[in-house]
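Student: I've got a structure to go through and a pile of questions about it. Could we take them one at a time?

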Amino acid sequence: MKCSALARVALLGALCLLPVVACAEQLLRLPAATDAGPARPLVIHAALDLPQARPLLEDFHRRHPGIDLIYRNLTTLELHERFLDHPDEVDVLISSAMPWQFALANDGHARPLDSPHLEAWPAWARWRDELIAFTFEPIVMVIHRELADIAEPPRNHAELLALLNTHRQALAGRVASYDPVRSGAGYAYAMQESQLSPRYWDLVAALGGVEAELVETTGAMLDGLKEGRFLIGYNLLGSYAAPGVAAAPDLEMIIPDDYALVSQRLALVPRQAPNPQSAELFMDYLLSLEGQRTLAEETSLGAIHPALTGPGTATQLRERLGDALRPPGLGPGLLAGLDRLKRQALLARWQREFRRALATDDSADSVAAD
Amino acid sequence: MNPAGSLYGRLLAWLTLPLLTLGALLLLQAWLEARATADRAYDRLLDAATLAIAEQVQWQDERLWLDLPPAALEMLAGDAQERVFYSLVDQQGRHITGNARLPEHPGASAASGDTLLYRDIERHGMALRQGIRRTRLEDWRSGEPFEVRVAHTREGRDALRLELLRSNLAGILAMGALAVATLLLAVRAALKPLTRLRHAIRARDPRTLKSLDLELPRELAELREALNELLARMRRVRANQERFIGDASHQLRTPLAGITARAELALRRQEPEEWRTALETVHSTSERTARLAMQLLSLTRLDNPEYRPELHPVDLNDCVRQAVRDHWVACHQAGIDLGADCLPSPLRVAASEWQLQEALANLIDNSRRYGAHRITLGVLSDPPRLFVEDDGPGIPAERRLLVLRPFHRGRDDGEGSGLGLAIVDGIARNHGARLDLAESDSGRGLRVEMRFPEAPT
């Protein structure tokens, strides 16, 4: 089935680059062991950076050496486009662009899975057994230690709002966030947050008030923070920020405790997959305790399997943050994010709110009093 | 099932058959009803979703504008995780926004006011239920008509239908089981009197012919009455038999008593002539008694309803000639004129020859005993008839039926046994023939005619 031309245009304009820092195409090939019988090919297209994906792929290949594995890391847009052009060249499709993945499944592009692990898989992390969420990546704030010179670091959105409003001059130009217009991930987060609370628009206005730098990727924000250009990074993808923060002693990662968005990678097996058996094998691995344990221990993606506890698991995050975690429900509500008019309306509002403080820039106090 | 097999089985079959048909119809209705109900329930979701979307449609920048509420899409998918499609279409049928180009409804084009349309469609091999809301903008400047089309897959509806059907099915099955159980009990109860009747008949003393007095339902009461009528007839038959036996023993005792008396009288005498006379009397009496015993025996045989003689074609002419040959000498010695009046051609009827001979012998004997001088045997055709005519005293018309009964003698003066005509009557009945007693043609004497049924030859 071909995507309609209209949807294609919307696609190009809409979710541009999700938080994949990758360059155009990264390829990883794990050839089949020569003594493991006839090679069974498996083609995975993913929007998942190699450092995060490699431990999983290598562990999987160790368990199934007969698989001739080709892994392509693409941007979410490339991934989607390429799939619609050639729906029969890929066996497993992994992407963090949840609405797009959902739209594919909703249109009947996905093959229902028959994995023994599905029973144990939480219902909120699968849809019709066609679409599986297998990671749990909170959206975080990252602050530079220098911020302590100005004020107490914010622990949640309310404190961030207050901080931005009270220290407008001091923070001017030193806050970074996603640009919802150019970044698909930024748009997705804006969409979710605007639905969570109308106070989000005050936060957007406050971000506008401090003339926040709007960037396209988590990597860009992280780089600026490391260099000390930014004091606060808002809405970074936790799984990508965590290794960077761990390596930079000046940085601190904060998961807001009032609400924290959660991004999830969604995997599906296309209906026209050339090697469905290999695909099933890989999906089985993703859902299995072993795969999830590798995910928890060797990546920062966050394991979902309910039997896993400890660092790097959703269970632990939930224990710590409880109801504050807001993974987007795997449901048709996601489709609203792809609506062309909806996007235009939201972005228009976002830009209006972002410029609100500048337009009515009489005094910082008037904004702070808001 | 063998139709004559069992009343119980027949009743059950005839009651169960309509019950099963009814059950099947109920199931079919439940199936259709469940589908309609599930669709009605889920169409409300289409209704609500289109309304939620329609409320967000605005006129902006000289065009239709929609701020799609995600909840409207969530609404369309329940636990069954249906696939969801929506589309906003303007008056000219142009697709404004949506994730699928849903087809328009072939029904009437945009009418005034809100119109809701539902129907089943198919899209890329998926069975969908589509809901279309036709409405117009409630705006100061523009009353632009537009259509909101939504659709979702049928999993939720199918699940609800199955659930409804299952609960209905449980009800129907329970009712069916109840009906069958009631049926079994009812049929058993209805047939109970039959068992009682059987027990009552089986428990009877085989010697008693008393009528049954058992409380029974109407249909069986009729059977009981029929049985009682049969019993009553049997009682009469037995009474007749008892009287016959009484008569027979009386008839046998009388000559035996005479023999005893005559012998005693002779024994008291010394003269051998007296002995001889007595012996002659004893001899003739015992001969008559032996003949009486023979007649009794043959009458008993003829009266047995189980007895069916083998019938062969017999020429009545031959029969008559044979009888004349057998009895001519004896009649001639007694000075009686015995004649035959035969037909020129043979006339065959199905008969037992020895029985016909017996009947003719009895009739000849009867006529002789009552003093006839001229006896004529004859055959007539159309219908086949056998007759014996004499010139004796005859029998008055009012006694002609009575003489057919055993031991009833036409005339009290004779020495006959009173069995002759009863035997002839029995033989006639065995042949399906009618026995007519009349005056002979000459105006006096007796004419006995045996009229055989018309037999196809």
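**Two chains, question by question**

Tutor: Sure, and a starting point for chain A: of its 370 residues, 51% are buried. Keep in mind that this is a predicted model.

Student: How many helices and strands does chain A have?

Tutor: Chain A mixes both kinds of element. Its contacts reach along the sequence too: of those between residues at least 6 apart, 78% join residues at least 24 apart. The tally for chain A is 18 helices and 14 strands.

Student: Take strand 4 of chain A, residues 92-95. Which of its residues are buried on each side?

Tutor: Both faces of strand 4 of chain A are covered. One side carries Val92(A) and Ile94(A), and the other carries Leu93(A) and Ser95(A). The buried residues are therefore Val92(A) and Ile94(A) on one face, and Leu93(A) and Ser95(A) on the other, each having 20 or more other C-beta atoms within 10 Å.

Student: Which strands pair with strand 4 of chain A, and in which sense?

Tutor: Ile44(A) has Val92(A) as its bridge partner, and Ser95(A) has Leu266(A). The first of these pairs belongs to a parallel pairing of 3 bridges with strand 2 (residues 40-46) of chain A. The other belongs to an antiparallel pairing, again over 3 bridges. That gives strand 2, parallel, and strand 13 (residues 266-268), antiparallel.

Student: Which residues touch the most other members of the largest nonpolar core?

Tutor: This core has 140 residues, and its largest share, 8 residues, comes from helix 1 (residues 7-54) of chain B. Val92(A), from strand 4 of chain A, touches Ile44(A), Ala267(A), Val269(A), Ala279(A), Phe282(A) and Met283(A), leaving aside residues up to four places away in sequence. The residues touching the most other members are Val92(A), Val175(A), Ala267(A), Phe282(A) and Met283(A).

Student: And how many residues are in the other core, the one that lies apart from it?

Tutor: Its members include Ala323(B), Leu347(B), Ile375(B) and Val403(B). The count for that core is 42 residues.

Student: Back in chain A, what do the buried residues of helix 10 pack against?

Tutor: Helix 10 (residues 218-227) buries Thr218(A), Ala220(A), Met221(A), Leu222(A) and Leu225(A). After the helix comes Gly228(A), with a positive phi near 85°. The packing partners in chain A are strand 7 (137-144), strand 8 (175-178), strand 9 (213-215), strand 10 (232-237), helix 11 (238-247) and strand 11 (251-254).

Student: Let's move to where the chains meet. Which element gives the largest share of the side of chain B that touches chain A?

Tutor: The contact involves 18 residues of chain B and 19 of chain A. Strand 2 (63-66) and helix 2 (70-75) of chain B each supply at least two residues of that side of chain B. By class, the side has 10 nonpolar, 4 polar and 4 charged residues. The largest share, 4 residues, comes from helix 2 of chain B.

Student: UniProt lists "transmembrane region" for chain B. How far apart are the end C-alpha atoms of each stretch?

Tutor: The UniProt entry, which is unreviewed, gives residues 12-32 and 169-191. In the model, residues 12-32 are 100% helix, and residues 169-191 are 96% helix. The end-to-end values are 30 Å for residues 12-32 and 32 Å for residues 169-191.

Student: Is Ala179(B) buried, exposed or partly exposed?

Tutor: Ala179(B) sits in helix 3 (residues 155-190) of chain B. Its C-alpha is 8.2 Å from that of Leu19(B), though the two are 160 residues apart in sequence. It has 15 other C-beta atoms within 10 Å, between the limits of 12 and 20, so Ala179(B) counts as partly exposed.

Student: Which strands stand at the edges of the 5-strand sheet in chain B, and why?

Tutor: This open sheet has the order 9-11-12-14-13 with mixed pairing, and its twist averages 15° from one strand to the next. Two strands have a single partner strand each, so one side of each is left without a neighbour in the sheet. Those are strand 9 (337-341) and strand 13 (434-439).

Student: Which helix of chain B touches strand 9, strand 11 and strand 12?

Tutor: Strand 9 and strand 11 (residues 374-380) run parallel, joined by 5 bridges, with Leu338(B) opposite Ile375(B). Helix 8 (residues 353-369) lies across strand 11, strand 12 and strand 14, at about 15° to strand 12. The helix you want makes about 170° with strand 11: helix 7 (residues 316-333) of chain B.

Technical notes:
Residues are numbered from 1 along each chain as its sequence is written. Chains are lettered from A and ligands numbered from 1 in the order in which they are written. This is a predicted model: local features need pLDDT of at least 70, side-chain atom pairs count only at pLDDT 80 or more; totals for chains, interfaces and linings use all residues. Two residues are in contact if their C-beta atoms, placed from the backbone, lie within 7 Å. Ala, Val, Leu, Ile, Met, Phe, Trp, Tyr, Cys and Pro count as nonpolar, Asp, Glu, Lys and Arg as charged, and the others, Gly among them, as polar. UniProt positions are given in the numbering used here, feature names are shortened, and annotations may be inferred rather than shown by experiment. Two strands pair if DSSP finds at least two bridges between them. Axes are lines fitted to C-alpha atoms, for helices over the stretch in contact, and angles run from 0 to 180 degrees between N-to-C directions. A nonpolar core is a set of buried Ala, Val, Leu, Ile, Met, Phe, Trp, Tyr and Cys residues joined through C-beta atoms within 7 Å.
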